[in-house]
Amino acid sequence: MHYFDYAATTPLHPEAAHVYSKLAQGCYGNTSSLHEVGAEAQNMLAYCREELAGMLGVHSAGIYFTGGGTESNLLSIISLAKANRHKGNHIVTTAGEHPSVDSALAYLQQEGFTITTVPFTEEGFVDIQRLEQALTSDTIMVSMQHINPEIGTIQPLEEIAALLKERAILLHSDCVQSFGKMNLKPIAQLVDSLTISSHKVYGPKGVGVAYIHPRHRLTPVFPGLVHESGFRGGTVNVPGIAAFVTAASHANHTDIHCRTFREAFLEKILQHPELFTVYQTTKDDKQLPHIIGLSVKNVEGQLIMLELNRIGFAISTGSACQVGQQHASKAMMALQVEPHRAKEFIRISFGRDTTMISVCQLADCLVEIALKTRARSYVYE
């Protein structure tokens with residue numbers, strides 16, 4: 001199987017697997033236990049916290065280990081919102097955020113907060129003008145992804161952070177797709193909180209991080225918990241965290257190979273503009289090359305995905321957190337694409353084991369499937 005769904009998840013790095021196995025057997029203590037075995041686990045956790053803080057260029061006191069990107073978004077957004085409720089109850093976000101952000105905001109809406117959602121421009125960026133218009137004297141937070149997980153556009157967080165700083169509004173950013181692919185140190189200096197996930201960077205599943213600047217007071221979502229300074233409950237997964245940090249230390253921020261793959265793939269696809277629509281920006285420095293969002297015109301994306309799967313290519317029809325649900329791609333909704341066109345969306349993403357041969361084969365097969373499907377008039381109503 002040729003794997004082209006790295007934006008959904010990645011295989012475990014061999015060295016990370018070795019670290020996990022070693023520590024699961026030899027450093028198995030509960031970090032809250034007072035005996036020597038617990039102290040060993042606590043020391044390893046402290047080491048991992050310092051290492052990850054160094055990768056982000058932040059103070060380790062702001063690093064909270066969680067069970068994944070989803071939990072990190074939920075706890076960060078809800079904790080910060082409740083802690084700052086005395087300043088206001090309005091939060092602004094975009095229409096293209098990860099479902100976990102939507103879930104956190106839906107919960108807060110039930111708690112009396114007001115949520116405003118801003119769409120994307122045609123090139124996949126948040127509409128800055130509409131964002132600024134949405135801000136009010138009651139706005140306490142903006143939740144803005146760094147990189148869209150479906151079309152790979154890089155949001156202008158520098159511009160947004162400057163806009164919010166003038167108004168003393170918090171900025172939370174989902175950086176799950178950017179960590180390991182870009183240097184996040186500059187971004188970490190701009191935001192009040194950010195979130196990352198282990199399994200997107202060849203670490204184990206079930207591990208994530210929420211960074212919240214230590215200057216902020218938190219109101220825990222669940223009171224009375226003791227782990228991670230009361231931020232979350234549950235015995236800390238020290239072997240998983242160490243494996244994550246190990247995988248992250250091997251992350252390659254250079255995108256030269258993925259950029260070459262992208263160019264080769266699009267060169268073949270764009271020879272048939274009558275068949276395909278590619279969703280991307282014209283600004284190379286604002287486009288993550290690892291992710292390509294596109295559609296086969298007049299053909300439902302799920303059909304294309306199944307046809308490619310049948311011949312040995314794994315792609316997706318959008319965020320893996322929406323698979324099996326009857327929802328259109330979040331990015332397509334944010335771009336305000338017509339509903340019947342939104343169903344055509346598919347996503348291709350490159351990673352560590354991608355080769356130029358498989359990229360060219362995928363492009364050729366996709367063109368062939370599109371031509372055959374078009375010829376048979378096998379389209380949805």
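**Local features of the predicted model**

Pro14 is located in helix H1, which comprises residues 14-26, and in this predicted model the residue is exposed, its relative accessible area being 57%. Pro14 and Ser32 are 18 residues apart along the chain, and their C-alpha atoms are separated by 29 Å.

Strand S6, formed by residues 170-174, is mostly covered, with five of its five residues buried. The side chains of this strand are divided between two directions: Leu170, His172 and Asp174 point one way from S6, whereas Leu171 and Ser173 point the other way, and the residues of both sets are buried. Strand S6 pairs with strand S5 (residues 139-143) in the parallel sense, and the pairing of these two strands extends over three bridges. Within this arrangement, Ser143 has His172 of S6 as its bridge partner; His172 thus takes part in the pairing and also belongs to the set that points the one way together with Leu170 and Asp174.

Backbone geometry was examined next. Most residues other than glycine have a negative phi. Against this background, Tyr202, although not a glycine, has a positive phi of about 70°. Tyr202 is placed in the loop that connects strand S7 (193-197) and strand S8 (208-212), and because its relative accessibility is 16%, Tyr202 counts as buried, the cut-off for that class being under 20% relative accessible area. A positive phi is also found at Gln336, likewise a residue other than glycine, where the value is near 60°. Gln336 lies in the loop between helix H11 (330-334) and helix H12 (339-342). In terms of accessibility, Gln336 is exposed, since its relative accessible area of 54% falls in the class defined as over 50%. The two positive phi values are therefore found in a buried residue in the case of Tyr202 and in an exposed residue in the case of Gln336.

With regard to surface charge, a negative patch is formed by Glu263, Glu267, Asp284 and Asp285. Of these residues, Glu267 is found in helix H9, which spans residues 256-269. Glu267 is exposed, with a relative accessible area of 57%, and because membership of a patch requires over 30% relative accessible area and no salt bridge, this value satisfies the accessibility part of the criterion for Glu267.

Conventions:
Residues numbered from 1 in each chain as written. Predicted model: local features only at pLDDT ≥ 70, side-chain atom pairs only at ≥ 80, totals over all residues. Heavy atoms only, no water. Patch = residues over 30% accessible without salt bridge, like charges linked within 9 Å, V, L, I, M, F, W, Y side chains within 5 Å. Areas by Shrake-Rupley, 256 points an atom, 1.4 Å probe, with all protein chains shown as cover. Salt bridge = Lys/Arg side-chain N within 4 Å of Asp/Glu carboxyl O. Lys, Arg positive; Asp, Glu negative; His and termini not counted. Charge placed at Lys NZ, Arg CZ, Asp CG, Glu CD. Helix = DSSP H or I, 4+ residues; strand = E, 2+ residues; numbered from the N terminus. Buried < 20%, exposed > 50% of the residue type's maximum accessible area, 1.4 Å probe, protein only. Pairing = 2+ DSSP bridges.
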